[in-house]
Amino acid sequence: MEKYYLEEERNIEILEEADVLVVGGGSAGSAAAIAAARAGAKTVLLERYGQLGGMPTGGEVILIPSMSAGKTIMIRGIMLEIMERLTALGGVCGPDKSITGSTDSSHMEKWKKYFNMTWNNEVCYGGYVDPDLMKIVLSQMIEEAGVNLYLHSLCCRAITDAGTVRGVCFESKEGRKAVMAKTVIDCSGDGDIFASAGAEFEIDLSSMQAASRDTDILHDVSRTASLALVYRFGGADYERYADYAAANPQQLKKHEQNLQQIAGYALKIFPTSRNDVVWVDNWVLGYSSIKVKDITAVETLVRRTIVDVMDYICTNKIPGLENIWLYDTAPQLGTRGSRRILGLHHLEMEDLYGQKECDNHIAVIPSTVNPAMPQVPSKIPYGVLVPITVDGLLVAGRCFSSELTVNSMTNLVTHCFAYGQAAGVAAAVAAADDVKVRDVDIKKVQTQLKKQGVYLG
């Protein structure tokens, strides 16, 4: 029998009123807030952790992949600006912009050791970033844009009136308060705000079951249904490890199988922004990122197995990793998918890779995600960010409107920055024109996006 506590009625202080309220300061949320403020909107950003960036910072998912196709860098705007600022600080390990699309053998030989830095026998622009420097860069950009930022602020529910989102309640050390806005952008990652607002969404519970251990976890849809707690090892020599891995693929595969048996989940070792530190990414299946018992179980499981993983690597003297030690564990759980909004446009396979005409797009993304697909860029329609029924709300980040397989291919960090920037600009244009975000002039949105350096083809 369920038990309930009837909460006492009370007045909630309205802390701020804004044109645009962004919930969540991850990849999409940071971009949305910066873009909206730069477009002239009074903007508030609420973030539950003590830093910005989400997955690439707090989650330490430090790969910034697939920003280019051929010689063209397609993920530009705020994402490219971040990469340029990080590069100036020495916080990126990746190909220089000047060799994007190069087929030169010396460039290919160097960068093929780094996952996702080459594609289709060409150098692909991207990199492995320093998460702490990225936190600093994002804080600087938010401050420079004039965003009103509140950290340590957990948004708990949407404030709605007659099918329209008017604001959000959040909890902090000061108790419960509210922020009201013309448009709320849900960048919570899991759709916490649109779910509380009563918007229609989908979630594939069956995909959260454990997949076959033979599946390609990097490209299969089970990637989207997996959680992770990333950690890093110091005392490494990644270049030497990469040479060993390339020369001994069968030995490496056996080691990875043994490590998976020890840990109870799939894991792979990747580079970081420095040669003496490696990143251990992992895929823990069978858990949900919107169930508190599940996310607790994943945090506990991974921390319980880190020492065993490290001991196996050192005992077996895997070249380049013989003397590793625990550098850190991510302060934030890695999540890859859960709720997805049902939007005005539901992104499906036929939308991708030039298979369908689109003139209302707000982003162009390279097709360097799925090796089975041709190298043709994809135009992302504005409607994937707009809920079918609820007004006053946009959705950006991994929970945009999309079919599961397509979402798995188009919800990476770079994509989320692009969707967030588009949502921020659209909300600012809607505020300036005093229209609903579903009725916004898409040509004005596209013009503003181009002014902010976004590539639309």
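# Close-up views of a predicted model

**Figure 1. The largest nonpolar core of the chain.** In this predicted model, the largest nonpolar core is made up of 120 residues. The residues with the most contacts inside this core are Ile 82, Ile 185, Phe 233, Ile 362, Tyr 382, Leu 385 and Leu 394. Helix α10, which covers residues 413-433, supplies the largest share of the core, with 13 residues. Apart from this core lies another one, of 22 residues. Val 44, Ala 158, Phe 170 and Cys 399 are among the residues of that other core.

**Figure 2. Surroundings of Phe 233.** Phe 233 is one of the residues with the most contacts inside the largest nonpolar core. With neighbours within four places in sequence left aside, Phe 233 is in contact with Asp 276, Val 277, Val 278 and Val 280, among others. Its contacts also include Ile 306, Val 309, Met 310 and Ile 313. Ile 324, Trp 325, Leu 326 and Tyr 327 are in contact with Phe 233 as well.

**Figure 3. Ser 378 in strand β23.** Strand β23 runs over residues 378-381 and contains Ser 378. The relative accessibility of Ser 378 is 2%, so this residue counts as buried. Leaving out neighbours within four places in sequence, Ser 378 has contacts with Leu 352 and Tyr 353, and also with Ala 363, Val 364 and Ile 365.

**Figure 4. Ala 266 and Asn 282.** Ala 266 belongs to strand β17, which spans residues 266-271. Ala 266 counts as buried because its relative accessibility is 13%, under the 20% limit. In sequence, Ala 266 and Asn 282 are 16 residues apart, while their C-alpha atoms are 5.6 Å apart in space. Asn 282 is also among the residues that Ala 266 touches when those up to four places away in sequence are not counted. The others in that set are Gln 260, Asp 281 and Trp 283.

**Figure 5. Asn 121 in a loop between two strands.** The loop that holds Asn 121 lies between β7 (118-119) and β8 (122-123). Phi of Asn 121 is near 65°, which is a positive value in a residue other than glycine. Asn 121 has 59% relative accessibility and therefore counts as exposed.

**Figure 6. His 152 in a loop between two strands.** His 152 is located in the loop between β10 (148-150) and β11 (154-161). The phi angle of His 152 is positive, near 55°, in a residue other than glycine. With a relative accessible area of 53%, His 152 is exposed, as this value is over the 50% limit.

**Figure 7. The whole chain, as context for the close-ups.** The chain contains 11 helices and 24 strands. Its C-alpha trace spans about 60 × 55 × 40 Å along the principal axes. The radius of gyration is 22 Å, which agrees with the value near 23 Å for a compact globule of 457 residues. Of these 457 residues, 58% count as buried. Among contacts in the chain with a separation of 6 or more, 72% come from residues 24 or more positions apart. The chain exposes about 19000 Å², and carbon and sulfur atoms supply 48% of that area. There are 44 positive and 55 negative charges, and the mean positions of the two sets are 1 Å apart.

Terms used
Residues are numbered from 1 along each chain as its sequence is written. This is a predicted model: local features need pLDDT of at least 70, side-chain atom pairs count only at pLDDT 80 or more; totals for chains, interfaces and linings use all residues. Side-chain values use heavy atoms; hydrogens and water are left out. A nonpolar core is a set of buried Ala, Val, Leu, Ile, Met, Phe, Trp, Tyr and Cys residues joined through side-chain atoms within 4.5 Å. Buried means under 20% relative accessible area, exposed over 50%, partly exposed in between (1.4 Å probe, protein chains only). Helices (H or I, at least four residues) and strands (E, at least two) are DSSP runs, numbered from the N terminus. Contact means heavy atoms within 4.5 Å. The radius of gyration is taken over C-alpha atoms; the globule rule is 2.2 Å times the number of residues to the power 0.38. Accessible areas come from the Shrake-Rupley method with a 1.4 Å probe; for residues, only the protein chains shown count as cover. Lys and Arg count as positive and Asp and Glu as negative; His and the chain ends are not counted. The place of a charge is taken as NZ of Lys, CZ of Arg, CG of Asp or CD of Glu.
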